[in-house]
Amino acid sequence: MRHPKRGHNLPLFKPLTIAITMSVAEFLNRPLPIAYGHQTLRNRVALAPMAGMTDVPFRTLAWRFGAGHMVSEMVTSKPELWDTGKSRARRVLISEVRPQAVQIAGHDPATMAESARRLTGEGVEWVDLNFGCPAKKVCRKAAGSALLANIDQISRIVAAVVSAVDVPVSIKTRTGLSLEDSAGTEAAIAAQEAGAQLVVMHGRSRACRFKGHACPDRVREARRLLRVPLLVNGDIVDDASAEQALKSSGADGVMLGRGAMGQPWIFAEFLGLEMPTSAERFDFIREHLDAMHSFYGEDAGVRIARKHIQAYLQRWGTPQWTGDFMGLTSAQQQHAWLLARREQMLLHAAINTSQPKAAA
Ligand SMILES: Cc1cc2nc3c(=O)[nH]c(=O)nc-3n(C[C@H](O)[C@H](O)[C@H](O)COP(=O)(O)O)c2cc1C
């Protein structure tokens, strides 16, 4: 008997392609229906999971600025690592975010299903499966993008997870193993047939890692063949790149990662919402700093804050101050340092109205 949650029974999802006459903001503001218990993502611009960056403090800000969907940084499915500080921190749910989504990486269907079950027991409302990570330490374990070499295993994993939980399951993948193959499209279809409700595709192959430019046109075939919604990902940093990615892929929405670093307000910009003033942005940076110290505790918070403040300073056009900040060793020093630069930063923002450059 066919599993009732699997793709065979999905109502036909009508992809909404961005129309010539429609602005990117108009398109991205439309809710994205998910064929699972009438769920809807509140808009079509999602934040990509980035381990070590898109943690609870950052996602909290991104959600406030309008991100329509976000999943946690990847959490390993290995039960022996379930209770490490890192895994626990990545599984913390943010009460205002809907749906509460966590990403799992792994290769064994039963273990992945068990992780998904535990997560939903903790209140998780959406499970995302990582079939895209090219990192050696993940691929060595035959997980992440390594699974693109074994589409049957992807089917087995998705089917096991879908059967284990009563929440939507999505996948995040790449276009293929290399630019020449279409393993990503095959994985997306296999996942859909096994019951996945959404596909995110990064327009690079496993072999590309993060090199070269993302190719959103390589995502088009998956969009053409899928009956579930698809988000395009890779090098989307502004309106123009979002429009280009949407038009060349035909995708139903966008997911952006590095383009949001140092500027969580970019979601408001994509959605055409009111943007915070420079003074308000400065206050959000201070709030973010505070949140990192309180979420991680002082030692880890001070360390993690360095990456984020570096990204903010780069966006602000004052990267030359980063070295100073890196030397600070306490929460109090970091706060005092930032506050002492307030006037200079606002002045800099006033005379340098050009948009900050994309982070590395
Ligand atoms: C530092 C870093 C960490 C990442 N961690 C994850 C992760 O945990 N899970 C995942 O699916 N992708 C991860 N990615 C990939 C991103 O989600 C995204 O696919 C990629 O950065 C391309 O999108 P972008 O050009 O908008 O950044 C990571 C990327 C970076 C740069």
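Q: Why does Glu 180 count as exposed?
A: Glu 180 has 8 C-beta neighbours inside 10 Å. A residue is exposed if 12 or fewer other C-beta atoms lie within 10 Å of its own, buried if there are 20 or more, and partly exposed in between, with C-beta atoms placed from the backbone. With its 8 neighbours, Glu 180 therefore counts as exposed.

Q: What kind of model is this, and how are its residues numbered?
A: It's a predicted model, where local features need pLDDT of at least 70, side-chain atom pairs count only at pLDDT 80 or more, and totals for chains, interfaces and linings use all residues. Residues are numbered from 1 along each chain as its sequence is written.

Q: Where is Glu 180 found?
A: Glu 180 sits in the loop between β7 (169-174) and α7 (183-193). Helices (H or I, at least four residues) and strands (E, at least two) are DSSP runs, numbered from the N terminus. The C-alpha atoms of Glu 180 and Ser 205 are 8.8 Å apart, with their positions 25 residues apart along the chain.

Q: Why does Leu 273 count as partly exposed?
A: Leu 273 has 14 C-beta neighbours inside 10 Å, so it counts as partly exposed. It belongs to the loop between α10 (266-271) and α11 (278-296).

Q: Which residues is Leu 273 in contact with, leaving aside its neighbours within four places in sequence?
A: Those are Gly 66 and Ala 268. Contact here takes C-beta atoms, placed from the backbone, that lie within 7 Å. As for Arg 30, its C-alpha is 14 Å from that of Leu 273, at 243 residues apart in sequence.

Q: What makes the protein chain as compact as a globular protein of its length?
A: The yardstick is the globule rule, 2.2 Å times the number of residues to the power 0.38, with the radius of gyration taken over C-alpha atoms. For 360 residues the rule gives 21 Å, and the chain comes in at 20 Å, so it is as compact as a globular protein of that length. The C-alpha box is roughly 65 × 50 × 35 Å along the principal axes. Inside it are 15 helices and 10 strands, and buried residues make up 48% of the 360 residues. Of the contacts with a separation of 6 or more, 68% are between residues 24 or more positions apart.

Q: How is the chain divided into domains?
A: Domain 1 covers 7-271 and domain 2 covers 278-349, with bounds that come from an automatic or database domain assignment. Their contact takes 9 residues from domain 1 and 11 residues from domain 2. Taken over C-alpha atoms, the domain centres are 29 Å apart.

Q: Which strands close into a barrel?
A: The order is β3-β4-β5-β6-β7-β8-β9-β10, 8 strands with parallel pairing. From one strand to the next, the twist averages 25 degrees. Helix α4 (residues 109-121) packs on the sheet, touching β5 (101-105) and β6 (126-131), and its direction makes about 160 degrees with that of β5. Axes are lines fitted to C-alpha atoms, for helices over the stretch in contact, and angles run from 0 to 180 degrees between N-to-C directions.

Q: How do you know that β5 and β6 pair?
A: Strands pair if DSSP finds at least two bridges between them. β5 and β6 have 4 bridges, in the parallel sense, and Gln 103 stands opposite Asp 128 in β6. β4 and β5 also run parallel, joined by 4 bridges, with Val 71 partnered by Ala 101 in β5. Between β9 (residues 230-233) and β10 (residues 253-256) there are 3 parallel bridges.

Q: Why is β6 described as largely enclosed by the rest of the structure?
A: 6 of the 6 residues of β6 are buried, so the strand is largely enclosed. Trp 126, Asp 128 and Asn 130 point one way, while Val 127, Leu 129 and Phe 131 point the other. In a regular strand, side chains alternate between the two faces of the sheet.

Q: What makes β5 mostly covered?
A: 5 of its 5 residues are buried. Ala 101, Gln 103 and Ala 105 lie on one side, and Val 102 and Ile 104 on the other.

Q: Which residues of helix α2 (residues 56-64) are buried?
A: Pro 57, Phe 58, Arg 59, Ala 62 and Trp 63 are. Their cover includes β3 (45-47), β4 (69-76), α10 and α11. After α2 comes Gly 66, with a positive phi near 110 degrees.

Note on methods. Contact = placed C-beta atoms within 7 Å.
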